[in-house]
Amino acid sequence: MDTWSSGKMLNNMLSRLHPVSQRIGIVALGVALGVGLFSGCRQPAAGSKPANFQIATFAADVTVPIGHPLLGGLRPPAKEIKDPLSARGFVLLGAAKPLVVVAVEWCELRNDSYDRWREVLAQTAGTEKNRVLVTATHVHDAPVTDLAAERLLEAAGVDARVCDLEFHEEAVQRVAAALRAALRHPRRVTHFGVGEAKVEKVASNRRYLRPDGRMSFARSSMKSDADAKHAPEGTIDPMLKTLSFWDGDQPLVALHVYAVHPMSFYGTGSVSDDFVGLARRRRQADDPGIFQIYASGCSGNITAGKYNDGTPTNRPVLAGRIYDGMVAAWHNTRRLPLTRVDFRCVPLELQPRNDTGFTVPELWQTLTNESKPSEKCLAALGLSWRQRVASGEKLDLPVIDFGVAKLALLPAESFVEFQLFAQQLCPDSFVLTMGYGECAPGYIATDVAFAEKDDNLDGWCWTTPGGEQRLRDALRAALRPNAPQQ
């Protein structure tokens, strides 16, 4: 049995213990099995080798100004700043060309907005744009950016806005400046760490069965009814995963990923990084010397609706549960020598919708007629995606491979089933899957969700059924490049 399989077996054993017994058991059983678990003690891993890798961390404020559209113009614009928004990332040096990972506390980056982030940061780091992994945390009291969509609205002279072009460029350049400064002071990296822990009472699937047996997809982030709250959680990934980087026994960076729509309450114009941002900031305060990053997993069909009543007082409750998961994953961390870093990027092609309401003529009509501003914004987002597909642009599915650990970035609002599938492809590896890369497709659903008529796919979904197999094939190619493709 390899060390990661042993570690997973150990974690399963420990999960059945009382919390106090868990911490005792982590140390005792970790020594007995030789899996090198980290539990508060910072001992160098046996057999560590000198590394040729370095890491630099960077952060920049990307808070929108008052009056900026939120959620791509679908909600009231920013009227107050409840919490600042930031972009937080790292650049890993020594793996051929630099690799950049950055989580932006915005809702989404789409089409040429996503490209602009990657191009500027790639130029700054001296690398290629597909080696820049940009993900949005998907908080809703924050912007959706799509430069082409905004230009379409401006050209049409309509009373709707997706984002502010000038502010967007200012934010990108601010992050690039932070990256440039960070590159002047990289730290040596000798080890990476992997840890995971179950998060209690946060995630739930949108899909549930009502008491009379009827299927429903109405479990939203904050307005679920009694049936949705009492029904089981459904298909979720309950584990928060943490990937960390170390210089000897000194931890430098911790990247946490969990699959849930990160909204407690939203839509009032109060800009916020919501409960996941609150948890990340609390974790950062624990040890300022460890740079903390949070990214959302594949959670297109996962919300906090079962455990959220939509009140402001529940935000710190949910934040506390995410924070507890971060702390537990850290205590469960195993540290391994960093001896290899490989990179693969697989192209993914998804087909645009062409059913009623989504044809190009219909989208143009919605954008230019007397429809609501929010409907115009949706039409502009759809047209921007159609233009991109027509130009031959494909989506990227990048993977950073550390051997027994793999970091993948999936596009848009991929359903949690794809995250679970990625883990199944590599059962002997620690697979950490971020969602919300290039967000132009909207929901990327399973074929079953289309067949069951998930009504969440009626609007914020710009792809046709049948994308499931394409994404599964891309995951196989990216995560298991030497395995026979099915």
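Me: A cavity is a set of points on a 1 Å grid over the protein atoms alone where a 1.4 Å probe fits but cannot get out; its volume is the space filled by probe spheres set on those points, which are joined across faces, edges and corners. How much space lies in the largest cavity?

Reply: This is a predicted model, in which local features need pLDDT of at least 70 and side-chain atom pairs pLDDT 80 or more, while totals for chains, interfaces and linings use all residues. Numbering starts from 1 along each chain as its sequence is written, and side-chain values use heavy atoms, leaving out hydrogens and water. The count comes to 4 cavities of 30 Å³ or more. The space in the largest cavity is about 120 Å³.

Me: Which elements give two or more residues to the lining of the largest cavity?

Reply: The lining (residues with an atom within 4 Å of a point) has 16 members, and Y114, R118, L395, D396 and E438 lie nearest the centre of the cavity. By class, 8 are nonpolar, 2 polar and 6 charged. The elements that give two or more residues to this lining are α3 (111-125), β6 and β20 (395-401).

Me: Which element gives the largest share of the lining of the second largest cavity?

Reply: This cavity holds about 50 Å³ of space. D237, K241, Y258, Q419 and T433 are among its lining residues. Two or more residues come from each of β13 (239-247), β14 (250-258), α11 (416-425) and β23 (430-434). The largest share, 3 residues, comes from β23.

Me: Which strands stand at the edges of the sheet β6-β4-β3-β1-β8?

Reply: The sheet is open, with 5 strands in mixed pairing (a pair needs at least two DSSP bridges). The twist averages 25° from one strand to the next. Strand β4 (residues 99-104) runs parallel to β6 and is joined to it by 5 bridges, with A103 opposite T135 in β6. Each edge strand has a single partner, so one side is left without a neighbour in the sheet; these strands are β6 (132-136) and β8 (187-189).

Me: How many disulfides are there, and why is C439 in none?

Reply: C439 is buried (under 20% relative accessible area) at 0%. Its closest cysteine sulfur, in C107, is 7.5 Å away, which is too far for a bond, because a disulfide needs two cysteine sulfur atoms within 2.5 Å. The count of disulfides is 0.

Key:
Buried < 20%, exposed > 50% of the residue type's maximum accessible area, 1.4 Å probe, protein only. Helix = DSSP H or I, 4+ residues; strand = E, 2+ residues; numbered from the N terminus. Axes fitted to C-alpha atoms, helices over the stretch in contact; angles between N-to-C directions. 1 Å grid on protein atoms, 1.4 Å probe; cavity = no way out; pocket = protein on both sides within 12 Å on 5 of 7 lines; lining within 4 Å. Nonpolar A, V, L, I, M, F, W, Y, C, P; charged D, E, K, R; others polar.
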